[in-house]
Amino acid sequence: MHDDRKAAEERVARFLAERVRPAVYSERIAMDVSPLQVGDTWGSPWSTTRFEVAGRIPSRWTGRVEAVFDLGFDPTRGPGGQAEALVLDLDGNPLQGLHPYHRSLPVSGPEVRLVVEASANPPIVASAGRGTHFGSPDTAGDEHLYVLRQADLGLRDEDAWHLMLDVEVLVSLMRTLPPESPRRHHILRVLDSCVDLPFAEACGLTSGLLSRKAHDSEHTVVAVGHAHIDSAWLWPIRETIRKCTRTFTNVLALAEEYPELVFACSSAQQYAWIKEHQPVVYDRIRQAVKAGNWVPVGGMWVEADANLPGGESLARQLVHGTRFFLDEFGVGPDGVWLPDSFGYTAAYPQLARLAGAEWFLTQKLSWNETNRLPHHTFWWEGIDGTRIFTHFPPVDTYNAELTGEELAHAVATYAEKGVGTMSLAPFGFGDGGGGPTREMLEKARRLRDLEGSPKVRIAAPSDFFREARAELPDAPVWRGELYLETHRGTYTSQARTKRGNRRSEALLRHAELWAASAAVRLGTPYPYEELDALWKRVLLHQFHDILPGSSIAWVHREAETAYTEIHSGLSDLISASAGDGESLLNAAPVERREVVIVNESPPVVGQRLSDGRHAAFGRAPALGVGGYLEFNAHPVRATGAFVLDNGLITVHVDADGLVRSVRDHATGREAITPGAAGNLLQLHPDDPVKWSAWNLDASYRRHRRDLDAAVSVELVDDGPLLAAVRVERRTERSVIVQQLRLAAGSRLLEVDTDVDWQERDTVLKAAWPLDVLATEITAEIQFGHVKRPTHENTSWDAARFEAWAHRFVHVGEHGWGVALITDSTYGYDVSSDGRSTTVRLSLLRAPHSPDPVADQGRHRFRYGLRPAADIGDAITAGYTFSLPLRPASDRLRGKPLVSVDNPAVIVEAVKLADDRSGAVIVRLYESRGGRARAVLSADFPVTSVSEADLLERPLRPMASGRNATALSLRPFQIITLRLER
């Protein structure tokens, strides 16, 4: 037989494109449009255009009639950054959304009248940096972006519609089969025969092809309807609310046509928006949840970044999300659904399980640039030993369309072949929303049991995880963090957003602790509603394209405004609880005796600083209120050529403002590598091949400019409480002013940095070459720390050329180490030359997309060097550096509300219970990586103590006596205690 396959495939493709698809609507009539006309331009960037359409269905039409629209769609792009619309009835009730792949909705008549609310979302291509000027209303312009091309009534030809879907499924399957496969040849010959037949007869032939059953051993793909809606990204939060309405109405309409649809939807915040703005739609969602078509998943307030939020923030993401679903729908999500976050902290398994989750899903690690994770279904073990059943869909997308290519890819890449038989595929248009379509659901029906294809079954995520766990009870184990080998720039981009978050987390800790103290001590009403609202604003801005710094300018400017309001609101709550005066609040979990910098003159003899503020000596117990002391410690002095000495450490700063020596008096050890310079600021070109705000390519390291010359170096404070050297450096565009400070009684050299940053596509690093030989460093994460290598022995090691840490990075030899402490930066890199170890903090970036002015302007942040530090010292320095003593009145003076007698056990949160019972909630964790015993003491009458989950629900009673509770913790274990008053 002659081989004419190429010609036959081309005939079938032409048949589908030129005859079948155009025939889906056998008749069309144009509707009347007002005030627009078909052919008119519409929509300046970010504007909303409302128009009405009206038409009459001819009496001769029988069958399904649809209103069909083309708003100027671009079929080559997804539904995110382009025209979208919501169709409403004349009473304003939302009916369905419109996007490029969901252009029609069924209508009945004879009279049809609809309102279309069209959104001119501009075309921003973030990966390539095109259209970024649209990212701010100030630069977007006012030219119309779109043309209304179509507003018709169409009579659907059922034979053409079903033949189109049959042929698309079969062609897609055929292309995945081996060239020598008899099934492939059979499909092609039958489809080639269809070209010459009427549609009805052709459908008879395709039905025969589709009736052939899959082999019993075929892989099963559990298809879960999904619409990944970024809570902000290439659009502002305002537009996300409307995207939710469009997508959710699409899904609700589809569920009426396709009762088998199961739609998994995460992010309690998005439900809350719909409840507030579209109550009718929200009621329909509630009914769909009851019917089983709609499944709330994830149990988080938003799909947050999974690296940068603090430990308590991740706990509250789970608390607020899970509680919302329980309160609103009576269901508690049984898993964590995070398909698109940029790596996953090793603290997650424990947090997820403490919130009631049994499983974890993501697919983002399929984006790895170097290594492929060896598993798709496995147990993920966290730093404390907790395990959670985890799945990475081998389809490698959270926006599957159920094509033959996608399904074949899922089977080919599935890592557990031979022991596992199933994987999950989230299907539906996403990122900008959209969700499943009729076409996808029709294809799923055809693929349920089809020869040559994996079996496709629509089901809920919980069904998949229950079955997968049953067939893989001894699944492999992955221990530690799930590091994403791309998007490393997100640890640093949009520094103001990151500082706003870190400051919010610190103030929330203060606000809850002092509000609880005031409630217990003084009977002051606890600000439940205010704290709840402020927490939710903070959690929203931890979304995985806001906190990482990968959204348009509009989003980040709104975030900065939001953080200003959040900080003000929290400061007001703290003042309402603790007052203002001459006492000192210590929200850190360690006792402190240190120099305090305050704006007003203190009540004891202090030191007036060069910036007009004052330094004084203070003391406060852990989690308690203290006060000022008369200074009686060894004074700090500046001597010689910028030598700072406080009797504990001596710091030498040279004439160029570089740190040449930091010597520890107790051991005589030097922290800085001999002949090297600490706090050396370095600039690198930083223009990644794609994804500017996201990526930091390894090639950036090829070129470097050391800022080793200073414009000025001067002594600005000379003791006795605080001594400082001011250093100013300049580039052609930017000005960097740093004060290197040493306080009496402290082993921390603080670097207070003020930058006017005007660079483009540049990363700023602060290099600290340390005279410590280490094969690994310790980096703080949520509720603990992890070890990371200083070498590149393996491809996995080499891929971690940029990593993240929270408050400290520790480099140590046996018996001696150095910690670098930060107040708001996260990114760093580390290297070793065989004699010493260099840690470089990533301070600022300047990406050009999707925000073309990202990070431009003024920045203020602090970091510090702590020599002679073990892990406990690093933990202590991290907390005290991020939680400065805060002036207050003496109304809360006395013993702390709670205290712990073991420094390895850290109190992370103190608050009143959310159920408003008055119970005190205390969250603690073991911080050093070892087993620990401790006694928690309460300075108020306690009737009973129970261990609780994250949602503060009692798990088991704890033995206690005289307001003291004995605790025994595993390494890095988190315990939530509920103390009934």
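**Surface and core of a predicted chain**

Me: Happy to have this one open! What share of the accessible surface of the protein chain belongs to carbon and sulfur atoms?
Reply: Keep in mind that this is a predicted model. The accessible surface of the protein chain comes to about 34,600 Å². Of that area, the part belonging to carbon and sulfur atoms is 49%.

Me: And what percentage of the residues in the protein chain is buried?
Reply: A residue counts as buried when its relative accessible area is under 20%. The chain has 981 residues, and the buried part of them is 64%.

Me: Why is the protein chain said to be as compact as a globular protein of that length, and what is its radius of gyration?
Reply: The chain folds into 17 helices and 55 strands. For 981 residues the globule rule gives 30 Å, and the chain comes close to that, so it is as compact as a globular protein of that length; its radius of gyration is 31 Å.

Me: Which helix gives the most to the largest nonpolar core?
Reply: That core holds 281 residues, and Ile-285, Trp-294, Trp-768, Tyr-828 and Leu-979 touch the most other members. With twelve residues in this core, the top contributor is the helix at residues 495-522, H13.

Me: Which residues does Ile-285 touch, leaving out those up to four places away in sequence?
Reply: Ile-285 is one of the core residues that touch the most other members. Setting aside residues up to four places away, its partners are Phe-248, Leu-252, Tyr-271, Ile-274, Trp-294 and Phe-329.

Me: How far apart are the mean positions of the positive and negative charges?
Reply: The chain carries 108 positive and 129 negative charges. The distance between their mean positions is 3 Å.

Note on methods
Residues numbered from 1 in each chain as written. Predicted model: local features only at pLDDT ≥ 70, side-chain atom pairs only at ≥ 80, totals over all residues. Heavy atoms only, no water. Helix = DSSP H or I, 4+ residues; strand = E, 2+ residues; numbered from the N terminus. Rg over C-alpha atoms; globule rule 2.2 N^0.38 Å. Buried < 20%, exposed > 50% of the residue type's maximum accessible area, 1.4 Å probe, protein only. Areas by Shrake-Rupley, 256 points an atom, 1.4 Å probe, with all protein chains shown as cover. Lys, Arg positive; Asp, Glu negative; His and termini not counted. Charge placed at Lys NZ, Arg CZ, Asp CG, Glu CD. Core = buried A, V, L, I, M, F, W, Y, C linked by side-chain atoms within 4.5 Å. Contact = heavy atoms within 4.5 Å.
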